[in-house]
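This report walks through one protein model, taking its metal site, helices, loops and empty spaces in turn. Please look over the sequence and the structure before reading on.

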Amino acid sequence: MTGHSDLRDLYQEVIFDHNRQPRNFHVLDDANRSADGHNPLCGDQLTVYARVEDDIIQDVSFVGHGCAISTASASLMTEAVKGRPIAEAKQLFDHMHQMLTESHPEDTDLGKLEVLSGVREFPARVKCATLAWHTLQNAITQATQTAQTE
Ligand code: ZN
């Protein structure tokens, strides 16, 4: 039987793992989109790279430094959006944002991203979890300014 706390431990373990060994953590040499993101509340700083062709995110990566939540979230994001159409990635971000900010989010399947659902209980950390997503959105829309979580 899996209790609520076991599930929470599992989520923690996935977050630790993605923080220790972030996936797609490198500069993307053939990127045609990139943006910087900064969360001044926590000091998280990252750059997201993407190669977009025919409105599909063919490849995505990030570099930077920050807290465990921001790094794990960025790592999970790259896995979640790679190979997806831009419209789907945006929808995923909307659902993820709902999960993090609403007490009774719509029941959508976020897959592995659900490991971040516990962040909802720590409103100050929501910005850490969404930084990579805001930055990706800026990269895709080719906004030139640095993404701010404020
Ligand atoms: Zn942070």
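## The zinc site

Along the chain, the donors of the zinc ion are spaced as C-x1-D-x22-C-x60-C, where a donor is an N, O or S atom within 2.8 Å of the metal (3.2 Å for Na, K and Ca), and sites may look incomplete since water is not among the atoms. D44 belongs to strand β2 (residues 44–53) and C128 to helix α4 (residues 123–140), so this pair ties together parts that lie 84 residues apart in sequence. Helices (H or I, at least four residues) and strands (E, at least two) are DSSP runs numbered from the N terminus. The ion is coordinated at 2.2 to 2.6 Å by the SG atoms of C42, C67 and C128, and by D44, which is listed twice through OD. D44 and C128 are both buried, a word used here for a relative accessible area under 20%, with exposed meaning over 50% and partly exposed in between (1.4 Å probe, protein chains only).

## How the model is read

The model is predicted, and local features need a pLDDT of at least 70, while side-chain atom pairs count only at pLDDT 80 or more and totals for chains, interfaces and linings use all residues. Residues are numbered from 1 along each chain as its sequence is written, and side-chain values use heavy atoms, with hydrogens and water left out.

## Helix α4 and its kink

The 18 residues of α4 should span 26 Å at 1.5 Å a residue, and its end C-alpha atoms are indeed 26 Å apart; the expected span of a helix is 1.5 Å times one less than its number of residues. Even so, α4 has a kink of about 45° centred on T130, the bend at a residue being the angle between axes fitted to the seven residues ending there and the seven starting there. The buried residues of α4 include V126, C128, T130, W133, L136 and I140. Just after this helix, Q142 takes a positive phi of about 60°.

## Helix α3 and the largest cavity

With 16 residues, α3 (86–101) reaches 23 Å from its first C-alpha to its last, close to the 22 Å expected. Among its buried residues are I86, A89, F93 and M96, and what covers the buried residues of α3 includes β2, β3, α2 and α4. Contact, here and below, means heavy atoms within 4.5 Å.

A search of the whole structure finds two cavities of 30 Å³ or more, and the largest has a volume of about 60 Å³. On a 1 Å grid over the protein atoms alone, a cavity is a set of points where a 1.4 Å probe fits but cannot get out, whereas a pocket is an open set with protein on both sides within 12 Å along at least five of seven lines; lining residues have an atom within 4 Å of a point. Grid points are joined across faces, edges and corners, and a volume is the space filled by probe spheres set on the points. The lining of the largest cavity consists of I86, A89, K90, F93, W133, L136, Q137 and I140, and α3 and α4 each supply at least two of its residues.

## The largest pocket

The largest pocket holds about 450 Å³ of space. It is lined by 17 residues, of which Q12, V115, G118, V119 and F122 are the closest to its centre. Helix α1 gives the most to this lining, with seven residues, and both α1 (4–20) and α2 supply at least two residues each.

## Helix α2 and two loop residues

Two threonines show the surroundings of α2 (residues 68–81), the helix that holds T71. T71 is buried, with a relative accessible area of 9%, and, leaving aside neighbours within four places in sequence, is in contact with H18, N19, P22, F62 and G66. T78, also found in helix α2, counts as buried at 0% relative accessibility and touches R23, N24, V60, S61 and F62, not counting residues up to four places away in sequence.

N24 is found in the loop between α1 and β1 (33–39), where N24 has a positive phi of about 55° although it is not a glycine; at 18% relative accessibility, N24 counts as buried. D54, in the loop between β2 and β3 (56–65), likewise is not a glycine yet has a positive phi of about 50°, but D54 is exposed, with a relative accessible area of 74%.
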